Amino acid sequence: MKTLIRTAATVAALATAAVACTSTTAATPPEPRTSSLGAIRLVAYTGCDDLLSGLREHAAQRVTPYGFDNVMPLTYMEDSARSVTPNAKTSTPEHSTTNVHEAGVDEPDVVKTDGDRVITVKDGVLRIIDTATRKVTGSLKLTEGENGPGVPADLLVSGDRALVLMRGGDIMYKRMAGFAPQGDTRYVLVDLSGQPKVLSTIKPQGSYVDARMVGSTVRLVTRSQPDITFPEFKEDVSEAERVKRNQAAVRQAPADAWLPKIEITDASGTVKKDSVKCERVSHPADYTGTSLLTVHTIDLAQGVTAAGTDPISLAADGDIVYGTGSSLYVASNPRWWMPVVISEPAVETPATTPSTGDAAPAVEPTPTSPPLSGSPTPGSSASSSEPGAAPTPTPTVPPEETEVHRFDIGSPGAPSYVASGKVPGRLLNQYSLSEYDGHLRVATTLTSPDGKNSSSAVYVLKADTMARTGEVGGLGEGERIYSVRFIGPIGYCVTFKQVDPLYTLDLRDAAAPKVTGELKITGYSAYLHPGAEGRLIGIGQEASEKGRTLGTQVSLFDVSDPAAPRRLSQLFQKDSGSAAEWDPHAFLYWPKTGLAVIPLTQQTESGGLVLKIDDSGVTKLGMIKHPGKDEYQAGIERALVIGDSIWTLSYDGIQVNDAATLAQQAWIPLR
């Protein structure tokens, strides 16, 4: 017979730990805690017996002959939108901040500034630079031995406290994948008041997904898989038998195999080990049991208290994080997959007519979610043309769906799980999500199983129940979303295949969102940023009429009339690309003067393209270049405005240039 096995076609697989733990049970389980929110039924586990029973059975249904289908999808962007920070005191120069999605919700990045200091972390070393003297005044090595170079790390800073988010593993995990192997994640709290020093180190079980900070409170999202040891098999063991034995291993696993662990080391070296309690784990109505999301809470002003990071968990997957002042959303895109046919010896069955059909042909990598009723599950047989094989239904591709989970973070301490929802299609990044006036807007692209047809839509969900209230579809038939931006009740969506339709959307009526305008031009915008009133800035690629990309373009759109968007100006750099297309943290826009900086890579040079963007157009002011012959190391990653200067960061160092003349003022090496 032939067996259909689902495999994930992503860059890297998460490791499955081989640890067996003892079960913990509650002596007297309390009554189940449930609340009805529309059609959604929220359930928190009553204790370890309840948790263990549910997770075992759901996880057993997802076992393949080779263990869990444990590959996380790629997230192609770790995103945001830059804001102006007014002077905190007269002596502090006016300065830009990290380009974030929502004002007041900070996002991790490789560099931060408060105007007086620039704090950056690179190759496992945190450095503090005084903006007045333009010299490194403090440094702290956060890694041991030779493990520093290439270790991905980001920062969040509040006052004299920095939280360094270290993901470990190979450099390939940085940003694009957004995760590291289980056990390689560390969160390091650092005191910046004098020479920097470590206050505490938090090692959660699982892989770092993302974080958001409101005020001085950080919410960290990690994803973990159960630590289950699956049996080893000889080559002659059938697929069905492998599944059976793997399911048995899951059904014998203790609760501790699922409960995420955490290890906290304080400044004295004292280690405290803990795990999420069973009653602090919740689950949506539909879940797999193969993954848990854990949200940790750290108030940087207070440090890591006796309560640790006050974690809560949800039995769900997640790879995209979006936050507001009161809500934290974690979305799980469907996994890319294709069927793989594995042949095994035929099984004789009496009185069986040979099937004339073959297993479903391989298709283009297409997103998936849990199998539909009637679809083959791990261990079931696909159709076979071999004599004597039992006929089974032809396997079908499961629907392409995105799950979104909402947590309430409006109160101090641990967040609370509110609800989960599903929409058809796949998110591009966190900018595909936007909360406004009690609703969540979600923009997705839905691709047909054969990969030949696609269309995009915007769905409106009620934030308190995640139930769908409205939708508008039919965007970019045959194309996919390249960028999304929601600004108040208006939405902007760019789709692309050969030409770039920019759609304007009226979302004021949550039950009846509608398209109000469309602009078709060559090329596309991969990132959209609000400009002056009635203006929208686009960073992307120019393209031929057949869709071949030609180089970086910066566009200024007039969107003052939603029914008739138009492009006012375009700046084109032939044969070039910019990291700002996929990483909005790389984009600097200073509204006070219209100054903008984007990293630019060309065949012969790399640097920071400096622009002036006003109400009428985009003008090139010049190029900031860093010293060094290696274009990668000299390539600019970030740009900041501090006072009357532009600070740019590359792998080798930080350069300071006059904002008016672009003349170099200082070079601060970081290697």
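Two strands count as paired if DSSP finds at least two bridges between them, a criterion that the first exercise applies to this predicted model.

**Exercise 1. Determine how many bridges join strand β30 to strand β31, and place the two strands in their sheet.**

Solution. Begin with the strands themselves: β30 covers residues 439-447 and β31 covers residues 454-462. Nine bridges join them, and the two run antiparallel; since a pair needs at least two bridges, the criterion is met. A single position illustrates the register, for Leu-446 has Ser-455 of β31 as its bridge partner. Next, widen the view to the open sheet, where four antiparallel strands follow the order β29-β30-β31-β32. Its edges are formed by β29 (433-436) and β32 (468-475), each of which pairs on one side only, and from one strand to the next the twist averages 20°.

**Exercise 2. Locate the disulfide found in the whole structure, and decide whether its two cysteines are buried or exposed.**

Solution. The search of the whole structure yields one disulfide, which joins Cys-48 to Cys-278 with an S to S distance of 1.8 Å; this lies within the 2.5 Å cut-off. The angle about the S-S bond is 85°, and the link is right-handed. Turning to the chain, Cys-48 belongs to helix α1 (residues 48-60), whereas Cys-278 sits in the loop between β19 (271-275) and β20 (281-283), so that distant parts, 230 residues apart, are linked. For the last step, buried means under 20% relative accessible area: Cys-48 has 7% relative accessibility and is therefore buried, and Cys-278, at 2%, is therefore buried as well.

**Exercise 3. Classify the ring pairs Phe-407 with Tyr-417 and Phe-496 with Tyr-524, and state where their residues lie.**

Solution. The count of aromatic pairs comes to eight, these two among them. The rings of Phe-407 and Tyr-417 are 6.0 Å apart from centre to centre, with 55° between the planes, and the pair is tilted. Because Phe-407 lies in strand β27 (residues 401-408) and Tyr-417 in strand β28 (residues 416-424), the pair ties together parts that are 10 residues apart in sequence. Phe-407 is buried at 1% relative accessibility, and Tyr-417 is buried with a relative accessible area of 14%. For Phe-496 and Tyr-524, the centres are 4.8 Å apart and the planes stand at 50°, so this pair too is tilted. Phe-496 is in strand β34 (residues 490-496) and Tyr-524 in strand β37 (residues 524-530), which places them 28 residues apart. Phe-496, at 6% relative accessibility, is buried, as is Tyr-524 at 10%.

Key: Residues numbered from 1 in each chain as written. Predicted model: local features only at pLDDT ≥ 70, side-chain atom pairs only at ≥ 80, totals over all residues. Heavy atoms only, no water. Axes fitted to C-alpha atoms, helices over the stretch in contact; angles between N-to-C directions. Buried < 20%, exposed > 50% of the residue type's maximum accessible area, 1.4 Å probe, protein only. Phe/Tyr/Trp six-rings, centres within 6.5 Å; stacked < 30°, edge-to-face > 60°.
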